Amino acid sequence: MTTAVDTRPSTPLRTFGSVLWRDVFVTGRDLLPFLAQVIVQPFFTLFIFGKVLTSLGYVGGNYAAILLPGIVALNGFLGALQNTTMPLILDFSWTREIEDRLLAPIPIAWVAVEKMLFGALRGFVAALVMIPIGFLILDDVHWPAAAWLPVLLIVILGALVGAAIGMTIGTSVQPRQINILFAVILMPLMFTGSTQFPWMGLAHLRWFQVICALNPLTYVSEAMRAELVPQVPHIAVWICLLVLVAACGLFGTLGIRGFLRRALD
Amino acid sequence: MKAVEVTDLVKVYKKNPKPAVDGLSFTAEPGEVFGLLGPNGAGKTSTIGVLTTRVLPTSGTARVYGVDVLRESRRARQLLAVVPQRNNLDRSLSIRQNLLFHAAYHGVPRAERTARADEILTRMGLADRAKDRIEMVSGGQAQRIMIARALMHRPRVMFLDEPSTGLDPQARLFVHDRIRDLRAEGVTVVLTTHDMDEAGKLCDRIGIVDHGKLLALDTPAALTRGLPGSTTVSVTVNLVASDAEVVEKALAGIEGVERVEKIAAAAGGPPPGALPAGLPPAALAAIAAKAAESAGAAGTGQFRLYTGLDAAVILPAVLRVLGDSACEVTDLSIGTPSLEDVFIHLTGRELR
């Protein structure tokens with residue numbers, strides 16, 4: 001027998017679709033835990049900072065308008081990051097569930113891309129659900145209709161960057177380091193992302209401003225405010241977009257490389 | 001075309017300078033059950049890892065039905081299926097969904113995968129548990145589900161890494177039966193094991209591996225036959241009408257007999273040095289008992305013949321020679337070495 005063996009005409013794209021569908025399908029069944037995970041923490045942030053402190057008079061009345069775009073950005077970015085990192089750490093160390101997909105007839109890098117895409121999707125949903133919640137809790141917050149489309153695009157881009165960073169972290173952190181992951185990586189990312197304050201306002205706190213400029217989340221928050229509260233001084237949108245696209249490329253590459261390292265011995 | 005073709009395979013892991021696989025070469029024919037037998041850490045799992053596209057070889061090639069697993073890993077993955085050592089089933093899905101999603105990843109059309117899942121679940125005795133979550137299943141059931149899942153995309157080669165380690169006897173026999181089914185369907189099976197009985201029962205051919213090198217490769221029967229002086233024939237004869245020396249000489253003259261030992265007729269057992277190394281203790285005890293027993297009976301002699309040939313080949317000649325010498329045969333026993341003797345002979349006794 002010299003003829004080549006027949007292989008089923010499965011296209012990688014179809015396989016990619018099935019792999020993505022598996023994750024969506026599983027999320028669909030665990031919708032409530034997922035929503036609890038993404039809503040509770042930002043809800044309290046919004047409530048305490050945007051409502052309680054405002055009504056007590058400790059922060060200015062227009063603070064809510066500055067806070068909400070930042071919290072939506074944070075939820076999209078961090079939601080994508082966590083939803084990419086956590087399953088990866090568990091998958092590679094403990095459950096090994098991912099092996100079945102690593103043996104599917106698609107390039108392994110595509111599985112990494114799928115994981116990031118799905119993480120970003122969860123982050124995007126997490127950001128979206130915060131918007132109506134914000135409107136309900138906060139007083140006097142209005143988003144101009146013309147800003148909605150650019151805002152959605154910024155949230156998507158922010159979620160993709162978050163997922164790419166999540167892939168990089170998830171493939172480089174050992175499972176026993178999960179505890180310090182929160183303290184050493186997630187917390188600093190959360191508080192240096194210019195989500196609770198406009199970056200331009202940090203001029204008198206120069207060193208902190210420089211640190212915040214290193215966090216890609218800053219550019220998601222700033223781009224959001226540029227669209228929603230343009231009167232507040234902000235980084236130009238084109239700079240934000242440029243940085244986000246570059247971060248997406250950089251961390252995406254690092255993440256895929258890390259994934260290949262973990263998936264192949 | 002060979003079903004599996006491994007050529008000069010070398011795998012060196014970063015953390016360990018000693019190669020896990022060290023120049024391994026072997027082939028498996030389509031439809032055969034091929035066993036990789038070796039102690040822990042011999043390089044079996046690494047070899048399977050390379051063949052299933054999950055481990056990158058340091059050098060050498062591996063092909064599955066002519067498809068290079070390194071260069072065309074995507075095509076190779078369509079041809080092969082893996083049943084791993086550890087449970088890696090999707091815990092978020094039910095048993096049936098595990099099968100369905102696996103088939104979807106492999107591009108099996110929806111109608112076909114539904115029908116096939118039901119058929120395989122029935123065959124694997126899992127039909128009534130199809131909707132159960134994976135968390136609820138036992139080790140033996142997980143193994144069955146992983147075999148069922150592997151079958152979903154109709155692989156041409158199935159790799160099973162230690163398929164029955166940790167299973168109870170029932171689950172083990174079930175897995176053995178399924179492996180025989182696969183063989184009957186023409187699916188090539190490559191399995192790793194350190195269970196000699198399993199290898200001997202299931203495999204058409206066995207490659208014995210240690211320290212990443214292939215030490216021997218043959219059918220189970222040929223492997224045991226190949227052990228030097230492997231088969232023994234012990235005869236007890238009545239020496240009233242003949243001389244022991246003459247009988248011994250006549251027996252030694254038979255073609256294929258490597259040496260003859262006169263064991264009994266005198267008091268005491270055989271000197272320990274005369275026995276081949278590596279005989280199981282049970283055999284030694286039996287020999288000693290036999291010697292003591294025959295020492296009591298006057299006029300009898302016991303001889304042991306060592307041969308590399310099959311007992312069936314050598315026996316007629318032995319009986320003819322004894323008949324010619326007018327010796328009455330009162331007892332006769334055949335000792336064949338087990339695969340375990342071959343394994344220990346090749347890989348040594350030290351613990352891993």
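Before the exercises, one term has to be fixed: a residue is called buried when its relative accessible area is under 20%, exposed when the value is over 50%, and partly exposed in between (1.4 Å probe, protein chains only). The structure is a predicted model, in which local features need pLDDT of at least 70 and side-chain atom pairs count only at pLDDT 80 or more, while totals for chains, interfaces and linings use all residues. Residues are numbered from 1 along each chain as its sequence is written, chains are lettered from A and ligands numbered from 1 in the order in which they are written, and side-chain values use heavy atoms, with hydrogens and water left out.

**Exercise 1. Classify the residues of a salt bridge**

Task: Find how Glu72(B) and Arg75(B) are paired, and decide which class of accessibility Glu72(B) belongs to.

Solution. Begin with the rule, by which a salt bridge is a side-chain nitrogen of Lys or Arg within 4 Å of a carboxyl oxygen of Asp or Glu. Side chains of opposite charge can pair when their charged atoms come close. Glu72(B) and Arg75(B) form such a bridge, their closest N and O atoms being 3.0 Å apart. Next, take the accessibilities: Glu72(B) has 33% and therefore counts as partly exposed, and Arg75(B), with a relative accessible area of 24%, is partly exposed as well. A further example in chain B is the bridge between Asp132(B) and Arg129(B), with 2.8 Å from N to O, where Asp132(B) is partly exposed at 26% relative accessibility.

**Exercise 2. Describe the interface of chains A and B**

Task: Describe the contact between chain A and chain B, beginning with how many residues of each chain take part.

Solution. Contact means heavy atoms within 4.5 Å, and by this rule 37 residues of chain A are in contact with 38 residues of chain B. The buried area, which is the accessible area (1.4 Å probe) that two parts lose on being put together, summed over both, is about 3,500 Å² for these two chains, and carbon and sulfur atoms give 50% of it. The rule for salt bridges finds two across this interface. One joins the side chains of Arg22(A) and Asp90(B) at 2.6 Å, N to O.

As a next step, ask which helices of chain A supply the side that touches chain B, where helices (H or I, at least four residues) are DSSP runs numbered from the N terminus. Helix H1 (12–29), helix H3 (63–95) and helix H4 (99–102) of chain A each supply at least two residues of that side, and H1(A) gives the largest share, 10 residues.

**Exercise 3. Follow a salt-bridge network**

Task: Starting from Arg22(A), work out which residues are linked in its network of salt bridges.

Solution. Arg22(A) also forms a salt bridge with Asp23(A), where the closest N and O atoms are 2.7 Å apart, and both Arg22(A) and Asp23(A) are buried. The network links Arg22(A), Asp23(A), Glu97(A), Arg101(A), Lys115(A) and Asp90(B). Over all chains, the structure holds 25 salt bridges.

**Exercise 4. Locate a buried asparagine**

Task: State where Asn83(A) lies and what its side chain reaches.

Solution. Asn83(A) is in helix H3 of chain A and counts as buried, with 8% relative accessibility. A polar contact is a pair of N or O atoms within 3.5 Å; within protein, one must be able to donate a hydrogen and the other to accept it, and residues adjacent in sequence count only if both atoms are side-chain atoms. The side chain of Asn83(A) reaches the backbone oxygen of Gly79(A) at 2.8 Å, and it makes a polar contact with the side chain of Arg122(A) at 2.9 Å. Apart from neighbours within four places in sequence, Asn83(A) is in contact with Phe34(A), Gln37(A), Gly119(A) and Arg122(A).

**Exercise 5. Explain an enclosed helix**

Task: Why is helix H3 (residues 95–105) of chain B described as largely enclosed by the rest of the structure?

Solution. Count first: 10 of the 11 residues of this helix are buried, so H3(B) is largely enclosed. Among the buried residues are Ile95(B), Leu99(B), Phe101(B) and Tyr105(B). Then look at the partners, for the buried residues of H3(B) pack against H1 and H4 of chain A together with helix H4 (110–123) and helix H5 (139–151) of chain B. Finally, just after H3(B), Gly107(B) takes a positive phi of about 75 degrees.
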